[in-house]
Amino acid sequence: MSVFSLLETSPTFLVALVFVFGLLVGSFLNVVIYRLPVMMERAWQQEARSVLSLPDAPPAEPFNLATPASRCPKCGHAIRWYENIPLVSWLVLRGRCSACGTGISSRYPLVELTAGLIAAIAAWHVGYSPWLLAVILAGWCLLALAMIDYDTTLLPDDLTYPLLWAGLLLAVAGISPVSLVDAVIGASAGYLALWSVYWAFKLLTGKEGMGYGDFKLLAALGAWLGWQMLPLVILLSSLVGAVVGILLLATGLVKRDQGIPFGPYLAAAGWIALLWGNQMVSAYLGLMKF
């Protein structure tokens, strides 16, 4: 029996395989989450120097998703391959650098575990199909976007645009369960919905309630889910955002005038709707009959 036949006939093997692969991808996502905003900031600084006719900054060490190699920020110890095994290395090292003993944030293994669970849950729910690969990739992209927005209040175009185009192209190819018409309308409606809220809030208060990245993220989700699912995504993200925001204010973790990123809630709501949106809508309509 070939590996592909085993993946198709054995859900347990499929889930286990994608979970392990998800852990490996999670390690790479940690790199993306940290480095992509830094790369964006450096590019902005270079553009600003060009616009202001300032001399170029002194040449710096290449910095991208591949270079330099991962190292301890405290002592500069280069991370060896066996110190970078997802989850395992962090547990074996007890969350500390092997050279200087500096603590390593537990967020790194948590991102790896989340990436693995995203893949495993999608495999269990969707099953072996081309759509499964698309759903897993979308989930990983949403995870990276959520974490970057949480850290920096940025939703990089380098992730939102590919996610948007992927949703549309999957509809064109017939892999997505959403028709091309619904995907295009969903992308347009997703962008315009939050764009309208943004301008209404700004005209009423003089303040900006969200960023343009939120518009693009909802547009991408509309391309994947179709316009019919947008109310569910907005409702879920708003409810979770309101509850978390109230808790953060009550505990003093954020100030009343401090902005709270909306992207993580949009990303979480979009992923939930991608897997269980139809069931949730059907259950709601069923309740409305009584």
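1. Residue A99 lies in the loop that links α3 (88-92) to α4 (107-126). The model under review is a predicted one, and the remarks below should be read accordingly.

2. Is A99 buried or exposed? The relative accessibility of A99 is 52%, and exposure is assigned over 50%, so A99 counts as exposed.

3. Which residues does A99 touch, once those up to four places away in sequence are set aside? The contacts of A99 are with C75 and H77. For the pair A99 and C75, the C-alpha atoms are separated by 7.7 Å, although the two residues stand 24 positions apart along the chain. A99 thus combines an exposed position with contacts to C75 and H77.

4. Turning to the overall architecture, the secondary structure of the protein consists of ten helices and zero strands. In sequence order the pattern reads α-α-α-α-α-α-α-α-α-α. The radius of gyration is 21 Å, close to the 19 Å that the globule rule gives for 290 residues, so the protein is as compact as a globular protein of that length. The C-alpha trace spans about 65 × 65 × 40 Å along its principal axes.

5. As to packing, 38% of the 290 residues are buried. Among contacts with a separation of 6 or more, 68% are made by residues 24 or more positions apart.

6. The surface and the charges may be taken together. The protein exposes about 16900 Å², and carbon and sulfur atoms supply 68% of that area. The protein carries 15 positive and 15 negative charges, and the mean positions of the two sets lie 10 Å apart.

7. Helix α9 merits a separate comment. This helix covers residues 230-251, which amounts to 22 residues. From its first C-alpha to its last, α9 reaches 31 Å, close to the 32 Å expected at 1.5 Å a residue.

8. Which residues of α9 are buried? They are L230, L232, V233, L236, S237, G241 and G245. The cover over these buried residues includes α7 (180-205), α8 (212-225) and α10 (263-288).

9. What follows α9 in the chain? The helix is followed by G252, whose phi is positive, near 80°.

Terms used:
Residues are numbered from 1 along each chain as its sequence is written. This is a predicted model: local features need pLDDT of at least 70, side-chain atom pairs count only at pLDDT 80 or more; totals for chains, interfaces and linings use all residues. Side-chain values use heavy atoms; hydrogens and water are left out. Helices (H or I, at least four residues) and strands (E, at least two) are DSSP runs, numbered from the N terminus. The expected span of a helix is 1.5 Å times one less than its number of residues. Buried means under 20% relative accessible area, exposed over 50%, partly exposed in between (1.4 Å probe, protein chains only). Contact means heavy atoms within 4.5 Å. The radius of gyration is taken over C-alpha atoms; the globule rule is 2.2 Å times the number of residues to the power 0.38. Accessible areas come from the Shrake-Rupley method with a 1.4 Å probe; for residues, only the protein chains shown count as cover. Lys and Arg count as positive and Asp and Glu as negative; His and the chain ends are not counted. The place of a charge is taken as NZ of Lys, CZ of Arg, CG of Asp or CD of Glu.
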